[in-house]
Amino acid sequence: INAEYMGKVVLFLTTAIVVVTLGLFICYNTFLYKEQRQWVAWTVLSCMIVVGCIIGWLMLKLLRFGIFVLATFGGVLLGQLIWTTCIYYSGSQAVMWVSIIAFGLLIGLIALKVEEHVLIIATSFSGAYLFCRGVGMVAPGWPNDMTIAQLVEHGNIKHINPAFYGYLAGIVVLSIVGMVVQYKQKKKDEENDKHPYTRFRNRN
């Protein structure tokens, strides 16, 4: 199996997993947060898998669309992190969604102009965020991003749990590690004229 084929397989699987994870996260932190019926859970999971596979396939066929989606995903996570860190005081759900969507679109559009660097930064940050967020789902200290505005509005929360800033430090460190690894690999691949982004672009 050649490297180009494996690269496309990894791109497809990564996209599908990210879409499924993000879709389930949004569903169960908004309108399904009280839902406990098994058939609903399996139906939502099945729909997310189908959507993830479709978007993964589109990313292989439409490279610039794939770049935009990956970068936008990183921007969405960045917007959500900034909201949870310092904008939550507004206590407004509207401000939360505007900040998340704005950061997502901004990073996605920038990626269309400066592809490789934005992709490296966005994917490094996304991986670091999802890892720390996963830990925060089973360990204490990470507030619910979707309900924190309501808690502030009703006076149920005065400040962020200090443990959250430990997660924040972890995201920063892991993001830097991810970027260092990717830039080192990028430099090595460019020396051999086989950078994966170049290969995909030439085939599309």
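# Worked exercises on an all-helix pattern

Read along the sequence, the protein follows the pattern α-α-α-α-α-α-α-α, and the model from which this pattern is taken is a predicted one.

**Exercise 1.** Determine how many helices and strands the secondary structure of the protein comes to, and what percentage of its residues is buried.

*Solution.* Begin with the secondary structure, which comes to 8 helices and 0 strands. Then turn to solvent accessibility: the protein has 204 residues, of which 39% are buried, where buried stands for a relative accessible area under 20%.

**Exercise 2.** Find which residues make the nonpolar surface patch, and which helix gives the largest share of this patch.

*Solution.* Start from the members of the patch, which are Ile26, Trp97, Ile101, Leu105 and Leu109, and which together make a nonpolar surface of about 430 Å². Next, assign the patch to secondary structure: helix H4, spanning residues 93–113, contributes the largest share, with 4 residues. Finally, take one member as a check, namely tryptophan 97, which is found in helix H4; its relative accessible area is 32%, so tryptophan 97 is classed as partly exposed.

**Exercise 3.** Describe the second largest pocket by its volume, by the residues closest to its centre, by the helices that supply its lining and by the chemical character of that lining.

*Solution.* The volume of the second largest pocket is about 260 Å³. Its lining consists of 15 residues, and those closest to the centre of the pocket are Val19, Leu22, Ile55, Val69 and Phe73. As for the helices, at least two lining residues are supplied by each of helix H1 (3–28), helix H2 (38–61) and helix H3 (63–87). Sorted by character, the lining of this pocket holds 12 nonpolar residues and 3 polar ones, with no charged residue.

**Exercise 4.** Classify leucine 13 and phenylalanine 131 as buried, partly exposed or exposed, and give for each the C-alpha separation from a residue distant along the chain.

*Solution.* Take leucine 13 to begin with, which lies in helix H1. Its relative accessibility is 45%, and because the range between 20% and 50% is called partly exposed, leucine 13 counts as partly exposed. Its C-alpha atom is separated by 8.7 Å from that of glycine 52, although these two residues are 39 residues apart along the chain.

Phenylalanine 131, in turn, lies in helix H5 (residues 115–138). Here the relative accessible area is 53%, and therefore phenylalanine 131 is exposed, since that class requires a value over 50%. The C-alpha atoms of phenylalanine 131 and tyrosine 167, which are 36 residues apart along the chain, are separated by 9.8 Å.

Note on methods
Residues numbered from 1 in each chain as written. Predicted model: local features only at pLDDT ≥ 70, side-chain atom pairs only at ≥ 80, totals over all residues. Heavy atoms only, no water. Patch = residues over 30% accessible without salt bridge, like charges linked within 9 Å, V, L, I, M, F, W, Y side chains within 5 Å. Areas by Shrake-Rupley, 256 points an atom, 1.4 Å probe, with all protein chains shown as cover. Salt bridge = Lys/Arg side-chain N within 4 Å of Asp/Glu carboxyl O. Buried < 20%, exposed > 50% of the residue type's maximum accessible area, 1.4 Å probe, protein only. 1 Å grid on protein atoms, 1.4 Å probe; cavity = no way out; pocket = protein on both sides within 12 Å on 5 of 7 lines; lining within 4 Å. Points joined across faces, edges and corners; volume = space filled by probe spheres on them. Nonpolar A, V, L, I, M, F, W, Y, C, P; charged D, E, K, R; others polar.
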